[in-house]
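Student: I have a structure open and would like to talk through how it is put together. Can we start with one of the helices and work outwards?

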Amino acid sequence: MTTTILSEADLIAPHGGTLINRRIAAPDPAALAGLPVVALDNRTRSDLELLANGAFSPLEGFMTGADYRAVVETMHLANGLPWSLPVTLGVSRDQAASLSVGQTVVLADQGQAVAFLYLEELYDYDKQVEAAKVYRTTDEAHPGVKALYNQGEVLLGGKIELFQPRTPEAVFAPYYNTPTQTRQLIAQKGWRNVVAFQTRNPVHRAHEYIQKTALEMVDGLLLHPLVGETKSDDIPADVRMECYKVLLENYYPADRVLLSVFPAAMRYAGPREAIFHALVRKNYGCSHIIIGRDHAGVGSYYGTYDAQLIFGEFEAAELGIKPLFFENSFFCKKCGNMASAKTCPHSSENHLALSGTKVRQMLGAGEIPPPEFTRAEVAEVLIKAYREG
C-alpha cells in the first residue's frame, strides 16, 4: 500500500492552536554574569524541557498566580483553556526575598546554567489546598503529595527560554523526539488518526490487547512511555525500553507503531493526570489516547475508573483529543483469549489474575510467567534485570 505523506496541517492542532517553542541559542557566558540563579530538581528540570519544546503548549513558562489558581480550582487556565495540573517552580522564602519582579533569573541543573526565567510574579500558595484539589488527598504517603510538600514556599511565575537542552541517555536517544519531530514522523507515515498509549510499566498481554483493539480504529499507535522521574520501586526506564523493543519487534506491525519516549516526571495524580496526559499527547500529534484502569494512579487513592469519569467534566470540543476507554483486561481460560467484562460472560475463577507481588516473585526466581500474562521475550528481559539488580 502506498503511503500518503501528510503535512503538519493535516494533523490535530496543538492545544491552544500553536506549538510553543522556547528554545534559543546558547548565550555568551558574559550574559549570565551577575544574574540570580535558581536550582532545579529532577521534576522541574523535566518540566522545563517540556515547556521549551512545546509538549506543554500553550504554556510558555512556569505558571503565574492567575493560571495556577485557575488550574487548581477549575482545571482550566485563566483564559478558559483546559489544563489540569499545575506546572510550577518553587523556592524557599529566603531565596524569594532576594528576587524581584522584572529580573532575569538563570535556571541551573546540577550547577550548570540551562535556561532563563523572566520573572513576572512571586506568589504564595497553599500546599494543602493544592494536594486536596489536585491529588484528592493530603496524605504525604502519596508520592505526588510528598513532592508537593517538599517544594519551596514561594512560587516563581514567568516565561522561560531554554538554551541547554538535556542530552538523553544512550538507551533513549534513538527514541527521544520532540513534539515537532514526532509530528513530522507521523506525517511521513501518513497517519491522520493516531492513538497514544501512556505507560510507566512494561507492556503485558492486557496492555497489548487494548493497544491492538485501538489500532483497529486508527492509523497508528504512539507507544509513549514516560521516562522521567518515577517512584523508586517502579521498573527502571532503561529496562522498560528493552521490554518495549522486544515486544514491538516480535508482535506488532512495524509500519503501524511509533516508539518514542516522554521525558516527563510522574505525578501519580490519577484522574487529573489522565487529562494532562491527553492534552500533552495532543501536542505530540495524537488524535486519540487510551485511558484504561486506574490511569496514572497509585495505591488506593482513586477509584478504578475515576480517570475515565473525569473526561465527562469537559466538553469534547474543548479537549480536542478523543479518549478511548477500556475496562480491565484479562485472559479467560474458557474463552481461550484476552477479554474484558464487556466481552467475556465467564466468572472470575476462569480469569488468569496474577498479583504484582506474585509476578515479582516469579521473575526473581527466574521463572517466566504464563504466556497468557506476558510475552516470554518481555519476561526474559525482566528476569535478566532482576538478576543483575
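Tutor: Gladly, with the caution that this is a predicted model. In helix α6, which spans residues 179–189, the buried residues are P179, T182, R183, I186 and A187.

Student: Where do those residues sit around the helix axis?

Tutor: They cover an arc of only 135° around the axis, and therefore lie on the same side of α6. An α-helix has 3.6 residues a turn, so residues three or four places apart point the same way.

Student: And what do the buried residues of α6 pack against?

Tutor: Their packing partners are helix α1 (42–53), the strands β7 (194–199), β8 (220–225) and β9 (257–259), and helix α9. As for what comes after α6, the helix is followed by G190, which has a positive phi, near 75°.

Student: You mentioned β7. Which strand does β7 pair with in the parallel sense over two bridges?

Tutor: That strand is β10, and the two are joined in the parallel sense by two bridges; V195 has H288 of β10 as its bridge partner. Strand β10 also runs parallel to β11 (residues 322–325), with four bridges between them, and there I290 is partnered by L324 of β11.

Student: Which residues of β10 are buried on each side?

Tutor: Strand β10, residues 288–291, is covered on both faces, with H288 and I290 buried on one side and I289 and I291 buried on the other.

Student: Let's go to the hydrophobic packing. How many residues are in the largest nonpolar core?

Tutor: The largest nonpolar core holds 76 residues, and those with the most contacts inside it are L48, F56, F62, W83, L107 and L117. Helix α9 (residues 271–283) gives the largest share of this core, namely six residues. There is also a second, separate core of 35 residues, which includes L247, Y252, L324 and F373. As a general point, nonpolar side chains in soluble globular proteins tend to be buried together.

Student: Take L117 from that list; what is L117 in contact with?

Tutor: If we leave aside its neighbours within four places in sequence, L117 is in contact with F62, L89, Q103, T104, V105, L107, L156, G157, G158, K159 and I160.

Student: Back to α1 for a second. Is E49 buried or exposed?

Tutor: E49, which lies in helix α1, counts as buried because its relative accessible area is 4%, and the cut-off for that label is under 20%. Not counting residues up to four places away in sequence, E49 touches L162, P165, R166 and Y176.

Student: Now empty space: how many cavities of 30 Å³ or more turn up in a search of the whole structure?

Tutor: The search finds one cavity of 30 Å³ or more, and the largest cavity has a volume of about 60 Å³. Its lining is made up of R43, L85, P86, T88, E130, V134, Y135, Q151 and R267, with helix α4 (residues 127–135) giving the most to that lining, three residues.

Student: And what about the second largest pocket, what volume does it have?

Tutor: The second largest pocket has a volume of about 400 Å³, and of the 22 residues that line it, D41, R43, P143, A147 and E229 are the closest to its centre. Helices α1 and α5 (143–149) each supply at least two residues of this lining, and the largest share, four residues, comes from α5.

Student: Last topic, backbone oddities. Where is there a cis peptide bond?

Tutor: A cis peptide bond joins S57 and P58, with omega at about 15°, and P58 lies in the loop between α1 and β2 (61–62). For background, most peptide bonds are trans, and most residues other than glycine have a negative phi.

Student: Which residue in the loop between β4 and β5 should I look at, then?

Tutor: Look at Q110, in the loop between β4 (104–109) and β5 (112–124), where phi is near 50°, a positive value in a residue other than glycine. Q110 counts as exposed because its relative accessibility is 78%, and the label requires over 50%.

Student: And how does D294 count, at 23% relative accessibility?

Tutor: At that 23%, D294 counts as partly exposed. D294 is found in the loop between β10 and α10 (306–309), and its phi is near 50°, again a positive value in a residue other than glycine.

Notes: Residues numbered from 1 in each chain as written. Predicted model: local features only at pLDDT ≥ 70, side-chain atom pairs only at ≥ 80, totals over all residues. Heavy atoms only, no water. Core = buried A, V, L, I, M, F, W, Y, C linked by side-chain atoms within 4.5 Å. Buried < 20%, exposed > 50% of the residue type's maximum accessible area, 1.4 Å probe, protein only. Contact = heavy atoms within 4.5 Å. Arc of directions from axis to C-beta. Pairing = 2+ DSSP bridges. 1 Å grid on protein atoms, 1.4 Å probe; cavity = no way out; pocket = protein on both sides within 12 Å on 5 of 7 lines; lining within 4 Å. Points joined across faces, edges and corners; volume = space filled by probe spheres on them.
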